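Visitor: I am new to this structure and would like a close look at one part of it, the salt bridges, together with enough of the surroundings to place them. Could you take me through them slowly?

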Amino acid sequence: MLLTLLILLAATVIAVPLTRYAGLGSILGYLAAGVAIGPSGFGLVTNVDAISGVSELGVTMLLFLIGLELRPHRLWILRKAVFGMGLGQMVPTAAAIAGLSIAFGVPGRDAAVLGIGLALSSTAITLPLLAERNLLPTMPGRDAFAVLLFQDMAAIPVLALLPIMAGGSSAGISWLAVARGTAVVALILAAGTFLVRPVFRLVAAAKSPEVFTATALLLVVGTAALANWAGLSASLGAFMAGVMVSDSEYRHELQANIEPFEGLLLGFFFISVGMSADLALLLHRPLEILALVLALTLLKAMIAFAVSYARRRLTSTALRFALALPEGSEFSFVLFGAAAAAGALQARLAAEATLVVALSMMAAPILFAASERLLMPRLEASKAKPFDKLDTLEPNPVIICGFGRVGQIIGRVLSMQKIGFTALDKNQVQVEVVRRFGSKVFYGDPTREEVIRAAGAENAKVLVIALDDMRAALEVAEMVRRKFPQLAVVARARNRRHAHQLMAAGVEHFVRETFFSALRLTEMIMEQLHLPAAQTARAIQLFRNHDERMLLETYTIANDERAQIQTAQEANKELRDLFESDQTS
C-alpha cells in the first residue's frame with residue numbers, strides 16, 4: 001500500500017500541473033495519470049478495485065460540500081429545474097440510446113439498461129469542471145447541477161427495478177427495496193434536523209479539533225454507508241446530510257474539515273477511472289469503440305442543448321450546458337456491474353459500455369476546455385447584434401461602458417433621477433439577461449472608437465468606465481482622451497496601480513472600487529466597539545485624506561518599486577504620528 005500510494009501521488013504531481021498548464025483543467029490530468037499507471041498502461045498499479053473503493057469517498061464528500069452550500073429554501077427554489085430539466089434531459093436521452101441500441105441488434109432488456117446508464121452524467125467531473133472556471137453560479141452551471149441532482153435521485157427506482165428487468169419474480173423484493181430506501185431517506189432527514197446539532201455541540205464543547213474532524217467524517221461516511229445499504233446512491237445520502245446541516249452554526253467548520261479530504265480523494269477517484277479503462281478492448285476494436293464514444297457524446301450534447309434552449313432561449317447558455325453533460329457517469333459503472341450480476345445486461349455489453357463511459361469521461365474535459373477557449377468567445381461575438389441601433393438613438397448625456405455590478409447601480413440611480421444614459425457591454429449574455437429585466441443596454445465593445453462615436457460621444461457630457469477588465473478600461477480612457485477630449489471621464493479603478501495607470505491616461509475622476517467599502521466596514525467595526533461617533537468619523541476622515549494625498553504623491557514613482565516601498569514606510573509613520581497628534585490635541 002505504501003508503494004501504491006507513492007505511485008499515485010507521483011503520478012498526480014506530474015500529470016495534473018501539465019494539463020492545468022495546457023489549459024485543460026486538472027481532471028484530465030488525473031484521468032491520464034490513471035491510464036499511465038494502470039493495468040492497461042505501465043502496470044505500476046494493478047489493484048484497481050481497492051483504490052476505487054476508497055476513492056469513491058471523494059465523490060461522496062463532494063456532494064456533502066455541495067449540500068452544505070445549498071440551503072433547503074434554495075433547494076425548494078430549484079425544484080422546477082431539478083424535475084423539469086432533469087426529466088427533460090434523462091428520459092429522451094435514455095429512450096434515444098435504447099432505441100439506437102435495439103436498431104443495432106441489442107436485446108430490448110439490455111438496451112433499456114444501456115439507455116438508462118449512458119443517459120447519466122458525471123457529477124464528479126461536471127461540477128469541478130464548472131467550478132474551475134467559476135461557472136457554477138451561472139445559469140448553465142445551476143441547470144447542470146439541477147440535472148445531476150435529479151440523476152442522483154433517480155438511482156432509487158433504477159436500482160430497485162434491476163431484479164424486475166432481469167426477468168426474475170422478485171417484484172416483492174424490489175418494492176421492499178423501495179420501502180427501505182424511503183425509510184433511510186426519512187431517517188437521514190430526521191437525524192439531520194434533530195440529532196446532528198446536539199452532537200456537534202457536545203463535540204465542540206470538548207475543544208478537540210481532531211475529534212471534531214472525526215465527527216465530520218463520521219457524518220459523511222455514515223450517511224453514505226446508510227444510503228448505500230438501502231440500495232441508494234451513497235453520494236445522494238451525503239448530499240442530503242449536507243443540506244440538513246447547511247443552516248447550522250457548524251457549517252463553515254464542517255466545510256473546512258472536509259475539503260482537504262475531498263480534494264485528494266476526488267483526485268484518486270479520477271485516477272481509478274483512468275486505471276479501469278480496458279485499453280486492450282480499445283486496441284482490439286478501436287474504430288468501433290471510438291465511434292460509440294463520439295456517438296454518445298454528440299447524442300447527449302444535442303438533447304441537452306435542445307432541453308436548455310427550449311427553457312432559456314439562449315444559444316450560448318444552451319451550448320455550455322450541453323457541453324458540460326456529454327460524458328458518462330461514475331454511477332454508470334455501478335449500474336452496469338449490478339445489472340450484469342443480476343442478469344439484466346450481458347457481460348460483453350457491460351464491458352464495452354464501461355469502456356465507452358471511461359473514454360467519454362476522459363474526452364469531456366478536453367471538449368469543454370476547447371469550447372471555452374475557441375467556440376464560446378466567437379459564438380458570443382457572432383450572435384451579438386452589432387451597433388446598428390446606436391446611431392438612431394437620441395443622444396444621452398451619459399455613456400456607461402460596462403454594465404455589470406458597478407454599471408447597473410450607476411444606471412439605476414441615473415434612471416431614478418431621469419437622467420438619460422447609453423449603456424454598452426461586450427458580453428452578449430450579460431446584455432440579454434439585463435434586457436430581460438427591463439434595462440436598456442446595447443452590445444458593443446467600448447474600446448472601439450466607432451462604437452463610442454455611435455453611442456453619442458460627440459454630444460454626451462460624461463463617459464463612465466465601469467469595466468472589470470483593467471486593460472480594457474485603460475484602452476477606453478486613452479482612446480476617449482484622444483478622440484473626445486470634451487468628455488468628462490469618470491472611471492472605476494480596481495486598485496492603486498490601476499488608479500495610477502488611469503491617471504497616466506489622463507483620467508482625473510476615479511474611485512477605487514474597494515476603498516470606500518473598506519472605510520465603511522471599518523466604521524461599522526468601530527461602531528460595534530462602541531467608540532464615540534465623533535472619534536470614529538474623525539479617524540475615517542483622517543485616513544481617507546491621508547491615503548488620497550499619498551495616492552497622488554506616489555503617482556510619479558508608480559514604476560519604481562524601491563521608491564514605492566520607502567514612501568509607503570514613511571507614509572505609515574506619518575499616519576501614526578498624525579493619529580497620535582490628533583488624539584492628544
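Guide: It helps to begin with a term: two residues are said to be in contact when heavy atoms of theirs lie within 4.5 Å. On that basis, among the contacts in the protein with a separation of 6 or more, 73% are between residues 24 or more positions apart. What you see is a predicted model, and its chain forms 27 helices and six strands. Of its 585 residues, 48% count as buried.

Now to the salt bridges. As a general point, side chains of opposite charge can pair when their charged atoms come close. A search of the whole structure finds 17 salt bridges, and three of them can be followed in some detail.

Let us start with Arg285 and Glu352, whose closest N and O atoms are 2.6 Å apart. This pair links distant parts of the chain, 67 residues apart, since Arg285 sits in the loop between α15 (279-284) and α16 (286-312), while Glu352 belongs to helix α19. The two partners also fall into separate classes of exposure: Arg285 counts as partly exposed because its relative accessibility is 21%, and Glu352 counts as buried because its value is 9%, the limit for buried being under 20%. Nor does the pair stand alone, for Arg285, Glu288, Arg348 and Glu352 are linked in a network of salt bridges.

A second pair is made by Glu449 and Arg453, with 2.6 Å between the closest N and O atoms. Here both residues lie in helix α22 (residues 449-454), four residues apart, which is about one turn of the helix. Glu449 is partly exposed, because its relative accessible area is 25%, and Arg453 is likewise partly exposed, at 34%.

The third pair joins Glu513 to Arg494, where the closest N and O atoms are 3.0 Å apart. Glu513 is in the loop between β6 (509-512) and α25 (515-528), and Arg494 is in the loop between β5 (488-493) and α24 (496-504), so this salt bridge ties together parts that are 19 residues apart in sequence. Glu513 has a relative accessibility of 27% and therefore counts as partly exposed, and Arg494, at 28%, counts as partly exposed too.

To see what surrounds these charged pairs, return for a moment to helix α19, where Glu352 is found. This helix, residues 347-382, gives 13 residues to the largest nonpolar core, which is the largest share of that core. The core has 113 residues, and those that touch the most other members are Ile37, Phe64, Leu254, Phe270, Ile271, Phe336 and Leu345. Taking Phe64 as an example, and leaving aside its neighbours within four places in sequence, its contacts are Leu219, Val220, Ala238, Phe239, Ala241, Gly242, Val245 and Ile258. There is also a second, separate core of 31 residues, and Ala460, Val476, Met479 and Val489 are among its members.

Empty space can be searched for as well. One cavity of 30 Å³ or more is found in the whole structure, and about 40 Å³ of space lies in the largest cavity. Its lining is made up of Leu120, Ser121, Thr123, Leu148, Gln151, Asp152, Ser329, Glu330 and Phe331. Two elements, α8 (139-153) and α18 (330-342), give two or more residues to this lining, and the largest share, three residues, comes from α8. By type, the lining residues divide into three nonpolar, four polar and two charged.

Finally, two loop residues deserve a glance for their backbone angles. Most residues other than glycine have a negative phi. Lys418, although not a glycine, has a positive phi of about 55°. This residue is in the loop between α20 (405-416) and β2 (421-425), and Lys418 counts as exposed because its relative accessibility is 77%. His530 likewise has a positive phi, near 60°, and is found in the loop between α25 and α26 (533-553). With a relative accessible area of 72%, His530 is exposed.

Terms used. Residues numbered from 1 in each chain as written. Predicted model: local features only at pLDDT ≥ 70, side-chain atom pairs only at ≥ 80, totals over all residues. Heavy atoms only, no water. 1 Å grid on protein atoms, 1.4 Å probe; cavity = no way out; pocket = protein on both sides within 12 Å on 5 of 7 lines; lining within 4 Å. Points joined across faces, edges and corners; volume = space filled by probe spheres on them. Nonpolar A, V, L, I, M, F, W, Y, C, P; charged D, E, K, R; others polar. Core = buried A, V, L, I, M, F, W, Y, C linked by side-chain atoms within 4.5 Å. Buried < 20%, exposed > 50% of the residue type's maximum accessible area, 1.4 Å probe, protein only. Salt bridge = Lys/Arg side-chain N within 4 Å of Asp/Glu carboxyl O.
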